[in-house]
Amino acid sequence: MEVVVAAGPDGVHLTQLPEGAGTTVTPEELPARVAELEDQHPRWVWADTAVSYPPLLRAGVRVARCHDLRLCHTILRHARLTEGSALATAPPGPWDLAEEHPGDGTPTLLDALGPALRPADVLAEHDRQQQAVAGSAEPGRLALLLAAESVGALVAAEMSHDGLPFST
């Protein structure tokens, strides 16, 4: 199961895939809902682990797996295996721009989840990435690379949270 996490004007949208069942929670309810769903071992799909995961860590919630759309977009955009995909040949868009992380205080959870991207944008990017991987000559290898990149983002966020020095 995958759970797509995306901020919207009315709260944080959680969409379970492949069923497509969705719910909206407040930013305050999100950590408890994530902890509850984590028991089912989902893969969390969000725009940017470096932005989305630290508020959960501060609330005492850890996740085992994720799919970082921004990091994976960069890989798929430049990979030889996906060079003919719609994702790789599209003009630059919001997923190609490095999101500026707030440096003047702690953002709200809704801000941290990426206010410039609507839930529909996050779902659409996830779909584009799935199509790019499926259409590649070696989807298994590519999926493994994306999973490893996303786990690296989780590790980096956890190292920062736990006080271990980490520098890119």
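This briefing describes the fold, the helix packing, the salt bridges and some local backbone features of one protein chain. The model is predicted. The protein chain contains 7 helices and 5 strands, and their order along the sequence is β-β-β-α-β-α-β-α-α-α-α-α. Of its 168 residues, 45% count as buried. Among contacts with a separation of 6 or more, 58% join residues that are 24 or more positions apart.

**Helix H1**

- Helix H1 spans residues 30–38, and its buried residues are Leu 30, Pro 31, Val 34, Leu 37 and Glu 38.
- These residues lie on the same side of H1, because they cover an arc of only 130 degrees around the axis.
- Ala 32 also belongs to helix H1, but Ala 32 counts as exposed because its relative accessibility is 54% and the threshold for that class is over 50%.
- Although Ala 32 and Val 61 are separated by 29 residues in sequence, their C-alpha atoms are 8.0 Å apart in space.
- Within H1, a salt bridge joins the side chains of Glu 36 and Arg 33, with an N to O distance of 2.4 Å.
- Glu 36 and Arg 33 are 3 residues apart, which corresponds to about one turn of the helix.
- Both partners are partly exposed: Glu 36 has a relative accessible area of 47%, and Arg 33 has a relative accessibility of 21%.

**Packing of helices H3 and H6**

- Helix H3 covers residues 69–78, and its axis comes within 11 Å of the axis of H6, with a crossing angle of roughly 35 degrees.
- The crossing of H3 and H6 is left-handed.
- On the H3 side, the contact is made by Leu 69, Cys 72, His 73 and Leu 76.
- On the H6 side, the contact is made by Val 122, Glu 125, His 126, Gln 129, Ala 132 and Val 133.
- By residue class, the contact of H3 with H6 comprises 6 nonpolar, 3 polar and 1 charged.

**The surroundings of His 126**

- His 126 is located in helix H6, which runs over residues 119–134.
- His 126 counts as buried because its relative accessibility is 5%, and the class requires a value under 20%.
- Apart from neighbours within four places in sequence, His 126 is in contact with Glu 2, Leu 17, Val 45, His 67 and Leu 69.
- One of these partners, Leu 69, also takes part in the contact of H3 with H6.

**Salt bridges beyond H1**

- The structure holds 8 salt bridges.
- One of them links the side chains of Arg 62 and Glu 158 at an N to O distance of 3.6 Å.
- Arg 62 lies in the loop between helix H2 (49–58) and strand S5 (66–68), whereas Glu 158 lies in helix H7 (residues 139–162), so this pair ties together parts that are 96 residues apart in sequence.
- Arg 62 is partly exposed, with a relative accessible area of 39%.
- Asp 162 joins Arg 62 and Glu 158 in a network of salt bridges.
- A further salt bridge is formed by the side chains of Arg 118 and Asp 121, with an N to O distance of 2.9 Å.
- Arg 118 is exposed, with a relative accessible area of 53%.

**Local backbone features**

- The peptide bond from Leu 17 to Pro 18 is cis, and its omega is near 15 degrees.
- Pro 18 is situated in the loop between strand S2 (11–17) and strand S3 (21–25).
- Leu 17, on the other side of this cis bond, is also among the contacts of His 126.
- His 41 has a positive phi of about 60 degrees, although His 41 is not a glycine.
- The loop between H1 and strand S4 (43–46) contains His 41.
- His 41 counts as exposed because its relative accessibility is 57%, whereas His 126 counts as buried at 5%.

Note on methods:
Residues numbered from 1 in each chain as written. Predicted model: local features only at pLDDT ≥ 70, side-chain atom pairs only at ≥ 80, totals over all residues. Heavy atoms only, no water. Helix = DSSP H or I, 4+ residues; strand = E, 2+ residues; numbered from the N terminus. Buried < 20%, exposed > 50% of the residue type's maximum accessible area, 1.4 Å probe, protein only. Contact = heavy atoms within 4.5 Å. Axes fitted to C-alpha atoms, helices over the stretch in contact; angles between N-to-C directions. Left-handed = near helix turned anticlockwise from the far one by under 90°. Nonpolar A, V, L, I, M, F, W, Y, C, P; charged D, E, K, R; others polar. Arc of directions from axis to C-beta. Salt bridge = Lys/Arg side-chain N within 4 Å of Asp/Glu carboxyl O.
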